[in-house]
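Visitor: I have a structure open and want to learn how to read it. Can you take me through it feature by feature?

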Amino acid sequence: MDNNINELACKLLETRKLTAEEYAYLIEHRDSETTEFLREHAVCIRKETYGNEVLIRGLIEVSNICKNDCLYCGIRKSNWRAERYRLSEKEILSAAETGYGLGFKTFVLQGGEDAWYTDERLERIIRQIKKKYPDCAVTLSLGERGRESFQRLRAAGADRYLLRHETADREHYRKLHPPEMSFEHRMECLRELKELGFQTGAGFMVGSPFQTTENLAMDLKFLEEFQPEMCGIGPFIPHHDTPFSEYNAGSVELTCFLLSVIRIICPKVLLPATTALGTLDPEGREKGILSGANVVMPNLSPANVRSKYLLYDGKLAAGAEAAENLADLKQRIEKIGYKVVEKK
Ligand code: SAH
């Protein structure tokens with residue numbers, strides 16, 4: 001092992017933080033030995049809090065209608081080829097009912113920024129889910145909203161909110177988003193969510209266009225400081241009807257390396273092995289868990305809309321990715337020495 005790298009890896013384990021320059025060096029010069037060393041420690045750290053348990057969340061993709069135009073995303077508003085849909089209150093509740101029957105104790109309502117989901121409607125949906133399933137958690141992932149809106153959703157009973165920061169570098173953020181979107185506002189939302197008592201999730205894509213090692217180092221610095229309760233990272237995967245269609249997908253190996261580093265920086269974080277990881281590599285989910293991840297989020301959307309929530313090409317929605325095939329997923333997780341549990 002390269003001496004510097006060895007020292008940096010040990011320093012990371014001891015202090016749970018590095019400078020941005022050190023993170024960049026670690027990423028740039030990682031070799032298989034360092035990767036394995038950090039992976040083993042990440043797994044030990046996850047086991048101290050979570051043992052060998054893997055938590056499951058039922059992902060309900062409520063709408064692919066979006067007012068935003070993020071350059072990487074397949075459901076951006078400029079993509080007129082996307083066939084749009086939105087689930088009614090009834091359909092969302094029915095998906096939750098199905099999920100509860102399957103053993104899910106957390107429902108994640110994710111979607112584009114669709115103005116139809118007013119505070120009133122969301123409050124009603126959240127209240128009904130929490131009333132019917134008091135032993136369950138509701139996670140929202142509906143993009144940026146105002147502080148007052150977040151407050152109302154929280155008061156209605158929402159427990160968690162996922163809002164990936166996407167990149168911690170302002171300049172990089174500008175290259176991934178249209179001019180009307182702002183890095184400052186996204187970060188402000190994240191701070192507000194935390195203040196309002198949401199368990200808050202940040203995160204970023206690995207290998208997004210124009211991303212540099214320094215950008216990733218900034219992402220890690222941000223996580224170190226923000227200490228989110230959840231963190232979603234997955235490889236960027238191009239979508240054929242976006243301006244980024246010709247860019248390469250991110251690396252599974254680097255994503256797994258970063259999962260280990262994030263587990264070390266935020267020992268108790270809820271860290272999913274994401275759909276994007278499973279999409280790029282048939283063993284991606286397993287690799288993610290073996291690198292320190294402890295959450296999987298099978299798809300609980302009604303079958304007829306699954307193919308329409310296409311954030312990137314090839315997005316998995318079948319097999320072990322589908323909530324109704326939980327038995328498959330359980331088996332695969334058991335094969336690698338872990339156990340799916342029905343906990344919120
Ligand atoms: N509108 C919500 C949900 C967005 S979809 C929000 O703004 O938070 C959830 C995540 O999918 C995004 O945060 C983004 O990081 C990821 N994503 C979008 N397009 C992607 C792509 N082409 N490849 C990989 N991940 C992508």
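Guide: We start with the ligand and then move outward through the protein. Keep in mind that this is a predicted model.

Visitor: Which residues come nearest to the ligand?

Guide: Start by listing the residues that surround the ligand. Here there are 17 around it, and Tyr72, Gly111, Arg164, Glu166 and Ile237 come nearest.

Visitor: How many of the shell residues are nonpolar, polar or charged?

Guide: Sort the shell by class. It has 10 nonpolar, four polar and three charged residues.

Visitor: Where do polar atoms of the protein meet nitrogen atoms of the ligand?

Guide: Look at backbone as well as side chains. A backbone N or O atom of Tyr72 is 3.0 Å from a nitrogen atom of the ligand. A polar backbone atom of Gly111 lies 2.9 Å from a ligand nitrogen atom.

Visitor: And which side chain lies 2.9 Å from an oxygen atom of the ligand?

Guide: That is Arg164, through an N or O atom of its side chain. Now check the cover. The ligand taken alone exposes 550 Å², and the protein buries 91% of that.

Visitor: Glu166 was on your list. What should I look for in its backbone?

Guide: Check the sign of phi. Glu166 is not a glycine, yet its phi is positive, about 75°. Then place the residue: Glu166 lies in the loop between strand 5 (160–162) and helix 7 (170–176).

Visitor: Is Glu166 buried or exposed?

Guide: Compare the relative accessibility with the cut-off for buried, which is under 20%. Glu166 has 9%, so it counts as buried.

Visitor: Which other residue has a positive phi, near 45°?

Guide: Gln227, again a residue other than glycine. Gln227 sits in the loop between helix 9 (213–226) and strand 7 (230–235). Its relative accessible area is 32%, so Gln227 is partly exposed.

Visitor: Let us go back to Arg164. Which residue touches Arg164, Ile233 and Gly234?

Guide: Thr274 does, once residues up to four places away in sequence are set aside. Look next at what the side chain does. The side chain of Thr274 reaches the backbone oxygen of Ile233 at 3.2 Å.

Visitor: Where does Thr274 lie in the fold?

Guide: Thr274 is in the loop between helix 10 (252–265) and helix 11 (275–280). A loop position does not settle burial, so read the accessibility too: Thr274 has 10% and counts as buried.

Visitor: How far apart are Thr274 and Glu89?

Guide: Use both scales, sequence and space. Thr274 and Glu89 are 185 residues apart in sequence, and their C-alpha atoms are 26 Å apart.

Visitor: Now the interior. Which residues have the most contacts inside the largest nonpolar core?

Guide: Phe107 and Leu258, in a core of 101 residues. Ask next which element supplies it. Helix 10 gives the largest share of this core, 10 residues.

Visitor: What is Leu258 in contact with, beyond its neighbours in sequence?

Guide: Leave out residues within four places in sequence. What remains is Ile27, Phe204, Val206, Leu216, Leu220 and Ile233. Ile233 is a name you have met, as a residue that Thr274 touches. There is also a second, separate core of 10 residues, with Leu59, Val108, Leu270 and Met297 among them.

Visitor: Which backbone oxygens lie by the side chain of Arg76?

Guide: Follow the polar atoms at the end of the side chain. The backbone oxygen of Cys70 is 2.9 Å from one polar side-chain atom of Arg76. The backbone oxygen of Asp69 is 3.1 Å from a polar atom of that side chain.

Visitor: Is Arg76 buried or exposed?

Guide: A charged residue still needs its accessibility read. Arg76 has a relative accessible area of 10%, so it is buried. Arg76 is found in the loop between strand 2 (58–63) and helix 4 (89–102). Its contacts outside four places in sequence include Asn68, Leu71, Arg84, Thr242 and Pro243.

Visitor: And what about Arg124?

Guide: Arg124 is in helix 5 (residues 119–132). At 42% relative accessibility, Arg124 counts as partly exposed. Arg124 and Leu153 are 29 residues apart along the chain, with C-alpha atoms separated by 9.5 Å.

Definitions and conventions. Residues numbered from 1 in each chain as written. Predicted model: local features only at pLDDT ≥ 70, side-chain atom pairs only at ≥ 80, totals over all residues. Heavy atoms only, no water. Helix = DSSP H or I, 4+ residues; strand = E, 2+ residues; numbered from the N terminus. Buried < 20%, exposed > 50% of the residue type's maximum accessible area, 1.4 Å probe, protein only. Near = heavy atom within 4 Å. Polar contact = N/O pair within 3.5 Å; in protein donor to acceptor, adjacent residues only side chain to side chain. Areas by Shrake-Rupley, 256 points an atom, 1.4 Å probe, with all protein chains shown as cover. Nonpolar A, V, L, I, M, F, W, Y, C, P; charged D, E, K, R; others polar. Contact = heavy atoms within 4.5 Å. Core = buried A, V, L, I, M, F, W, Y, C linked by side-chain atoms within 4.5 Å.
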